[in-house]
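Trainee: I'd like to learn how to read a structure like this one. Could you walk me through it?

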Amino acid sequence: MKPSNAAAILEEMNASINLVAQYLLCMKTAESAAILEKMDTLYAAHVLQVIADINEVFDAAWGVSFFAELVADIKSAKEPFPEALLPA
């Protein structure tokens, strides 16, 4: 599926933003980044915040940081995500 199609489908799940974040975490970070790039900017920012929150739990429990790799993939994309909307 093309990232733009996946983004459109996931955006329709706006009532389940935690589920959207979990789906994206199950993918390779490059795939997740490609999908996030095609989403509405504000919606993607909300999803990234949820991913950052989930990542804190994983990082604290197992020392695994999905978020850092995902943000790196987003920053290296052809159409970079606005830095101001990336969670700190």
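Mentor: Happy to. Keep in mind that this is a predicted model. A good way in is the overall picture, and then one feature at a time.

Trainee: Which pattern does the protein chain follow along the sequence?

Mentor: Reading along the sequence, you get α-α-α-α-α. That fits the count of five helices and zero strands in the protein chain.

Trainee: How many of the residues count as buried?

Mentor: The protein chain has 88 residues, and 34% of them count as buried. As for the surface, about 5,300 Å² is exposed, with carbon and sulfur atoms supplying 57% of that area. There is also a number for contacts along the chain: of those with a separation of 6 or more, 62% involve residues 24 or more positions apart.

Trainee: Let's zoom in on a helix. Which residues of helix H1 are buried?

Mentor: Start with the general idea. An α-helix has 3.6 residues a turn, so residues three or four places apart point the same way. Now the case here: helix H1 covers residues 3-11, and its buried residues are Ala6, Ala7 and Leu10. They sit on the same side of H1 because they cover an arc of only 100 degrees around the axis.

Trainee: And which residues are buried in helix H2?

Mentor: Helix H2 runs over residues 17-26, with Val20, Ala21, Leu24 and Leu25 buried. Their arc around the axis is only 135 degrees, so they too are on the same side of H2.

Trainee: What are the buried residues of H3?

Mentor: In H3 you'll find Thr29, Ser32, Ala33, Ile35 and Leu36 buried. Look down the axis of H3 and these buried residues fall within an arc of 165 degrees, so they line one face of the helix.

Trainee: Let me pick serine 32. Is serine 32 buried or exposed?

Mentor: A residue counts as buried when its relative accessible area is under 20%. Serine 32 has 1%, so it is buried. It lies in helix H3, residues 29-38. Leaving out residues up to four places away in sequence, serine 32 touches Leu24, Leu25, Met27 and Leu70.

Trainee: How do I read two helices packed together?

Mentor: Two packed helices are described by the angle between their axes and the distance between the axes. Take H1 and H3: the angle is about 70 degrees, and the axes are 8 Å apart. That makes H1 roughly perpendicular to H3. On H1 the contact is made by Pro3, Ser4, Ala6, Ala7, Leu10 and Glu11, and on H3 by Ala34, Ile35 and Lys38. The crossing of H1 past H3 is right-handed.

Trainee: Where is asparagine 5 found?

Mentor: Asparagine 5 is in helix H1, and its 40% relative accessibility makes it partly exposed. Its C-alpha atom is separated by 8.6 Å from that of lysine 38, although the two residues are 33 residues apart along the chain.

Conventions:
Residues numbered from 1 in each chain as written. Predicted model: local features only at pLDDT ≥ 70, side-chain atom pairs only at ≥ 80, totals over all residues. Heavy atoms only, no water. Helix = DSSP H or I, 4+ residues; strand = E, 2+ residues; numbered from the N terminus. Buried < 20%, exposed > 50% of the residue type's maximum accessible area, 1.4 Å probe, protein only. Contact = heavy atoms within 4.5 Å. Areas by Shrake-Rupley, 256 points an atom, 1.4 Å probe, with all protein chains shown as cover. Arc of directions from axis to C-beta. Axes fitted to C-alpha atoms, helices over the stretch in contact; angles between N-to-C directions. Parallel < 35°, antiparallel > 145°, perpendicular 65-115°, else oblique. Left-handed = near helix turned anticlockwise from the far one by under 90°.
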